[in-house]
Amino acid sequence: MPKSPQAFRTISEIAGELDVPQHVLRFWEAKFTQIRPLRRGGGRRYYRPEDVDLIRGIRRLLYNEGYTIKGVQKVLREQGVRVVADSGREGEPADTAEAREFEQREQLELDGPSVAATQAAAQAATPVHAAGQPAGSGPVGGLDAGTRAALEAIRAELEAARSAIDAHLRR
């Protein structure tokens, strides 16, 4: 018989339900102080329904939306636990535009100028689609020159990365 939605859950139940290893849940407890399961004898963890919603929201932001731990911490700090927990409960995206901008800036700083310039060019360029015009009558493939150039640069970087990975695997 399944547990009531209001029942407390063990770490193994949460891990199975969310398809996240138990050690990852323990790691998240260290990184996200907002996750506070009850601890009973022997240090066994019992998660409240609110904890489960928060963990589900954190998992969604990290795994589905591509946030880093710092990005999720920023969302929790600036928008609060309720926003993340609600998004975990409902499965709907949280309003996290500011945190996304932070993530993008952080990633651009880590990647360096080559990728940063490529990403900036890709964001600045917008595809051109003329409604009602037959295919091929506008820009090649429906993309303007700036977008095509940015995509070509990204493709070249991906091919270089693939070559480096292949070379590493051949060792």
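This talk walks through one predicted model, from its sheet and helices to the contacts between side chains.

Good morning, colleagues. Let me begin with the sheet. Three strands form an open sheet, and their order is E1-E3-E2 with antiparallel pairing. Which strands stand at the edges? They are strand E1, residues 9-10, and strand E2, residues 38-39; each has a single partner strand, so one side of each is left without a neighbour in the sheet. Strand E1 pairs with strand E3, residues 45-47, in the antiparallel sense, and two bridges join them. Within this pairing, Thr 10 stands opposite Tyr 46 of E3. As general background, strands of a sheet pair through backbone hydrogen bonds, either parallel or antiparallel.

I turn next to a residue of that edge strand. Arg 9 belongs to strand E1. Is Arg 9 buried or exposed? Its relative accessible area is 15%, and because the limit for a buried residue is under 20%, Arg 9 is buried. Its side chain reaches the backbone oxygen of Ser 4 at a distance of 3.3 Å. Setting aside neighbours within four places in sequence, Arg 9 is in contact with several residues, including Ile 14, Glu 17, Tyr 46 and Val 52. Lys 3, Arg 45 and Tyr 47 are also among the residues that Arg 9 contacts.

The helices come next, starting with H1. Helix H1 spans residues 11-18, and within it Ile 11, Ile 14, Ala 15 and Leu 18 are buried. These residues cover an arc of only 100° around the axis, which puts them on the same side of H1. What covers them? The elements over the buried residues of H1 include E1, H2, E3 and H3. Just after H1, Asp 19 takes a positive phi of about 55°.

Helix H2 can be described in a similar manner. Its buried residues are Val 24, Leu 25, Trp 28 and Glu 29. Seen down the axis of H2, they fall within an arc of 150°, so they line one face of the helix. On the other side of H2, His 23 and Ala 30 are exposed. The buried residues of H2 pack against H1, E2, E3 and H3.

One of those buried residues, Trp 28, leads us to the aromatic rings. How many aromatic pairs are there? The count comes to one aromatic pair. It is formed by Trp 28 and Tyr 63, with 5.9 Å from centre to centre and 65° between the planes, and it is edge-to-face. The pair links distant parts of the chain, since Trp 28 lies in helix H2, residues 22-31, and Tyr 63 lies in helix H3, residues 49-64, 35 residues apart. The two partners may also be placed by accessibility: Trp 28 counts as buried at 3% relative accessibility, whereas Tyr 63 counts as partly exposed at 41%.

My last topic is charge. Side chains of opposite charge can pair when their charged atoms come close. A search of the whole structure finds 10 salt bridges, and I shall describe some of them.

In one salt bridge, the side chains of Glu 17 and Arg 56 meet at 2.3 Å, N to O. Glu 17 lies in helix H1 and Arg 56 in helix H3, so the pair ties together parts that are 39 residues apart in sequence. Glu 17 is partly exposed, with a relative accessible area of 42%, and Arg 56 counts as partly exposed at 24%.

In another, Asp 51 forms a salt bridge with Arg 48, and the closest N and O atoms are 3.1 Å apart. Asp 51 is buried, its relative accessible area being 6%, while Arg 48 counts as partly exposed at 25%.

I also mention Arg 60 and Glu 65, whose side chains meet in a salt bridge at 2.0 Å, N to O. Here Arg 60 is buried, with a relative accessible area of 10%, and Glu 65 counts as partly exposed at 22%.

Finally, which residues are linked with Arg 9 in a network of salt bridges? They are Glu 17, Asp 53 and Arg 56. The network thus returns us to Arg 9, the buried residue in strand E1 discussed earlier. Thank you for your attention.

Definitions and conventions
Residues are numbered from 1 along each chain as its sequence is written. This is a predicted model: local features need pLDDT of at least 70, side-chain atom pairs count only at pLDDT 80 or more; totals for chains, interfaces and linings use all residues. Side-chain values use heavy atoms; hydrogens and water are left out. Rings of Phe, Tyr and Trp (its six-membered ring) pair if their centres lie within 6.5 Å; planes under 30 degrees apart count as stacked, over 60 as edge-to-face and the rest as tilted. Helices (H or I, at least four residues) and strands (E, at least two) are DSSP runs, numbered from the N terminus. Buried means under 20% relative accessible area, exposed over 50%, partly exposed in between (1.4 Å probe, protein chains only). Two strands pair if DSSP finds at least two bridges between them. A polar contact is a pair of N or O atoms within 3.5 Å; within protein, one must be able to donate a hydrogen and the other to accept it, and residues adjacent in sequence count only if both atoms are side-chain atoms. Contact means heavy atoms within 4.5 Å. The arc is that of the directions from the helix axis to the C-beta atoms. A salt bridge is a side-chain nitrogen of Lys or Arg within 4 Å of a carboxyl oxygen of Asp or Glu.
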